[in-house]
Structures are given as structure tokens and as C-alpha cells.
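Got the model open in your viewer? Here's a walk through it, one selection at a time.

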Amino acid sequence: MGQTVVGHLDPFFFQVAGEIRTLLGYAFSTKNEFNIAVSGTGSSGMETAVANFAEPGAKFVVLSNGFFADRIAEMARRQGAVVAVHSQEWGTPFDAQQAREFILREQPKVVAFVQAETSTGMYNAAKPLCEAAHEAGALVITDCVTSLGGMPVLVDDNGIDIAYSCTQKGLGCPSGLAPVTVSPSAIERLKSRKTPVQSWYLDLQLLDAYYSGRKYHHTASATMFYALREGLAIIAEEGLENRWARHQKNHRAFVAGVEAMGLEMHVKDPANRLWTLNTPRVPAGVDDAKVRQYLLEQRNIEIAGGFGPLAGKVFRVGVMGYGSIAENVLLILEALGAALRHAGYTPASDGSAAAERVLSASA
């Protein structure tokens, strides 16, 4: 990011943008040619997906088991879509057959869900949801904000039509850009819209004309593009499978540690847990704000609390990107134990031995 800044129409800027297009294809596991970085945070990626594919009066289904799926639904309503929500308790996986029946009954133009639900630590299996949506003739929008770069997204294998993410989580870059990938069939649907995209700034066809045709659209930050290009290059150098394995092992070590301390995970089935964002439940009688305040003020470590129905009930602990290393797992376990004792809870153990057994295992 300290390299010389060039203009937003400079040939070198478009060279970097082109490299990002290719590297995003690798990170998303897709052959899509339409891979761009929207100037804005992950929420701008969400709004880009919704604004381009939610049409006034058209049915838009959201499969919701957390906060960010509800945000998608709200954005779709503001676009004038007729929104139908299939809800599950926060942190509970979808029943594939129930979701399929809901989708086929509603016959939507678009189905949206969150693959990696940041509010709950839930990883939603994409393939059965995508298959049901395509059976109904719908496009699929998938939120990959907390999975891209840390867990398998597998856009092509899962049948995802539109996916978006952010730069500051699994990609290990500063916040400020939103990677988006769009399938050829979704591009054709976009071109056949009966109404113009209401957001000029987030209109994918205008953005594509900028990044592909060098037709001025907005003043993109060369500095942020440098950062994203480097973050994606690091992922390519490490290799996706190696990166996924690293995140999975460190996640399993963290879980082993907190469970040895006597805490429970909010997402019960290990197969449904995010490797990047962990949600241990707050022990009974413990003030989660007191724990988080101690960590921040005494250890300079910031973890998040729950919100919505999970406010005060879970801790949200990110172990992702370059931060997903064994040293950090052991560091947060030791600090969390100290914070819990400060808040009046005595852990069953410090959790380090259980974590180290996972970390030392060959697979």
C-alpha cells in the first residue's frame, strides 16, 4: 500500500484490476470471467448483488438463520421486490427438503442465503440450496463475507450464480473493497432486466465497462487495489487447500481449548461451524461485556459479542486470514481464561493442552 499511487484511469491501475479479476476467480473457485472489486465494504457487495438482481414486483426468497440474511431481505424490500423469508433459529442449519419445498412453492426469480453467517458462526451448505433454486428457475445470491479465503466457497461446484465478500476477513486486507463474481447466466438475466438498476453507483454493467473498457465510472483507490492484489497473490502462493487446512486445524484447536475450559459452542454440529469465526456460548452468570472489556483494556485483544437474540449469549472470536496461526490460538485461550476469571467464572482448565494436542496432530 506504500507504493506510488496512480490515477484511476492509469494503464497500470487497469493492469492491477485485471490481475485481481484472475486471482478472484481462483479464490472463489470459479471459471466466471466477471470478477470485480466494488469500491465499498462487504455491505456494498451485498447491496450490489441485491440491487442488480432484485426487480420491482418480482419474488425474492431469502433463507435466513442469522442477522446478515435478514439484512439481505431488507435490501431486497427497498428495491421493491416481493420478499419471502424462510427462517430458522439463529445458528440452526436449514433442512434441505423444507427449504426446497419453500422455494418451489414461492417460485422466486432470486434465492439468497448466507454461506458463512457471521452473527452465529454458522456455515450453511450451499449445494442443496442452489439445486433447489435452479429447479425453480431462480438465480442464487450467496454471501461469502466470512468464508472467502478461509473456507471452501466453491462457486462453480455449488452452483452459485452471484457471490460477494469483503477484503478484511479471510483475504487479510484492509476493509474497503467488496469482491463480486457473477456467472454467465446471471449476466444474461441482468441484461434482460425490464427496469434499470436503481443504484447507478453499484450497476454491475457500468462497473464492468469501467474495469474492462476503461470507461470512467468513479475514482477507485489504487492503494486499495494494490492491497487486494497482494492479498490474493498470497492466497495463490499458499494454495487454497493448504489455506483451508490451516484454518480448519486452528479452528479445531480453538474449539478444543474452549470446550476444555468448560464452555459450549453455539453451533452444535462441528460440520456446521465456521473455521474463521467461532461462537462459544457465554457461561451462565457471566457478563460478556466485562469479559470483552478486560480483553481489550488489559490484553489489547478485541473480540465481538452477539447481537439480536444472541446478545450477551455468545462471544464471536475471529481466527482468520494471517491471524489464523497456532500462536494466536494459544494466546486468545490464555487471555480468555484470564478474562473469564476476572468476570467471576473459573474455567475447568486453561485449554492450552487440549488445543496443543490438535495443533500437534499430523492431520
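Start by selecting Ser 64 and Asp 70: in this predicted model, their side chains make a polar contact at 2.6 Å. Ser 64 belongs to strand β2, residues 59-64. Is Ser 64 buried or exposed? Ser 64 is buried, because its relative accessible area is 3%, and the cut-off for buried is under 20%. Now show what surrounds Ser 64. Leaving aside neighbours within four places in sequence, the contacts of Ser 64 are Ala 69, Asp 70, Val 85, His 86, Ser 87, Gln 88 and Phe 94.

**Into the core**

Next, pick Phe 60. Ignoring neighbours within four places in sequence, Phe 60 is in contact with a list of residues that includes Val 50, Ala 54, Ile 72, Ala 76, Pro 108 and Ile 141. Val 82, Val 83 and Ala 84 are also among the contacts of Phe 60.

Which residues have the most contacts inside the largest nonpolar core? They are Phe 53, Phe 60 and Phe 225, and that core has 91 residues. Color helix α1, residues 11-28, while you're here: helix α1 gives the most to this core, with 9 residues. In soluble globular proteins, nonpolar side chains tend to be buried together.

There's another core to look at. A second, separate one has 32 residues, including Val 255, Leu 295, Ile 301 and Ala 355.

**Center on Phe 225**

Back to the largest core, and to Phe 225, which you'll find in helix α9, residues 222-238. Phe 225 counts as buried because its relative accessibility is 2%. Try a distance from Phe 225 to Ile 20: C-alpha to C-alpha, the two are 8.0 Å apart in space, with their positions 205 residues apart in sequence. With neighbours within four places in sequence left out, Phe 225 is in contact with Phe 13, Val 16, Ala 17, Ile 20, Ala 37, Leu 177, Tyr 211 and Ala 220.

**Charged pairs**

Time to switch on the charged side chains. How many salt bridges does the structure hold? There are 13. Side chains of opposite charge can pair when their charged atoms come close.

- Stay in helix α9's sequence range for a moment and select Arg 229 with Glu 230: they form a salt bridge, with the closest N and O atoms 3.8 Å apart. Arg 229 is partly exposed, at a relative accessible area of 28%, and Glu 230 is partly exposed too, at 41%. Add Glu 19 to the selection, and you have a network of salt bridges linking Glu 19, Arg 229 and Glu 230.
- Move to Arg 78 and Glu 74, whose side chains meet in a salt bridge at 2.9 Å, N to O. Both residues sit in helix α3 (residues 67-78), 4 residues apart, or about one turn of the helix. Arg 78 is exposed, with a relative accessible area of 65%, whereas Glu 74 counts as partly exposed at 33%.
- Then go to Glu 334 and Arg 299, where the side chains meet in a salt bridge at 2.6 Å, N to O. This pair links distant parts of the chain, 35 residues apart: Glu 334 is in helix α12 (residues 326-342) and Arg 299 in helix α11 (residues 288-299). Glu 334 is partly exposed at 39% relative accessible area, and Arg 299 is partly exposed at 30%.

**Out on the surface**

Turn on the surface and select Trp 200, Tyr 201 and Leu 206. What do these residues form on the surface? They form a nonpolar patch, with about 300 Å² of accessible area together. Leu 206 lies in helix α8, residues 204-213. Leu 206 counts as partly exposed because its relative accessible area is 32%.

**Two backbone stops**

Finish with the backbone. Most residues other than glycine have a negative phi, and most peptide bonds are trans. So which way does phi go at Ser 29, near 60 degrees or the negative of that? Ser 29 has a positive value, near 60 degrees. Ser 29 is in the loop between α1 and β1 (34-39), and is partly exposed, with a relative accessible area of 21%.

Last selection: Leu 154. Though not a glycine, Leu 154 has a positive phi of about 55 degrees. Look for Leu 154 in the loop between β7 (139-143) and α6 (155-158). Leu 154 is partly exposed, at 25% relative accessible area.

Conventions
Residues numbered from 1 in each chain as written. Predicted model: local features only at pLDDT ≥ 70, side-chain atom pairs only at ≥ 80, totals over all residues. Heavy atoms only, no water. Patch = residues over 30% accessible without salt bridge, like charges linked within 9 Å, V, L, I, M, F, W, Y side chains within 5 Å. Areas by Shrake-Rupley, 256 points an atom, 1.4 Å probe, with all protein chains shown as cover. Salt bridge = Lys/Arg side-chain N within 4 Å of Asp/Glu carboxyl O. Helix = DSSP H or I, 4+ residues; strand = E, 2+ residues; numbered from the N terminus. Buried < 20%, exposed > 50% of the residue type's maximum accessible area, 1.4 Å probe, protein only. Polar contact = N/O pair within 3.5 Å; in protein donor to acceptor, adjacent residues only side chain to side chain. Contact = heavy atoms within 4.5 Å. Core = buried A, V, L, I, M, F, W, Y, C linked by side-chain atoms within 4.5 Å.
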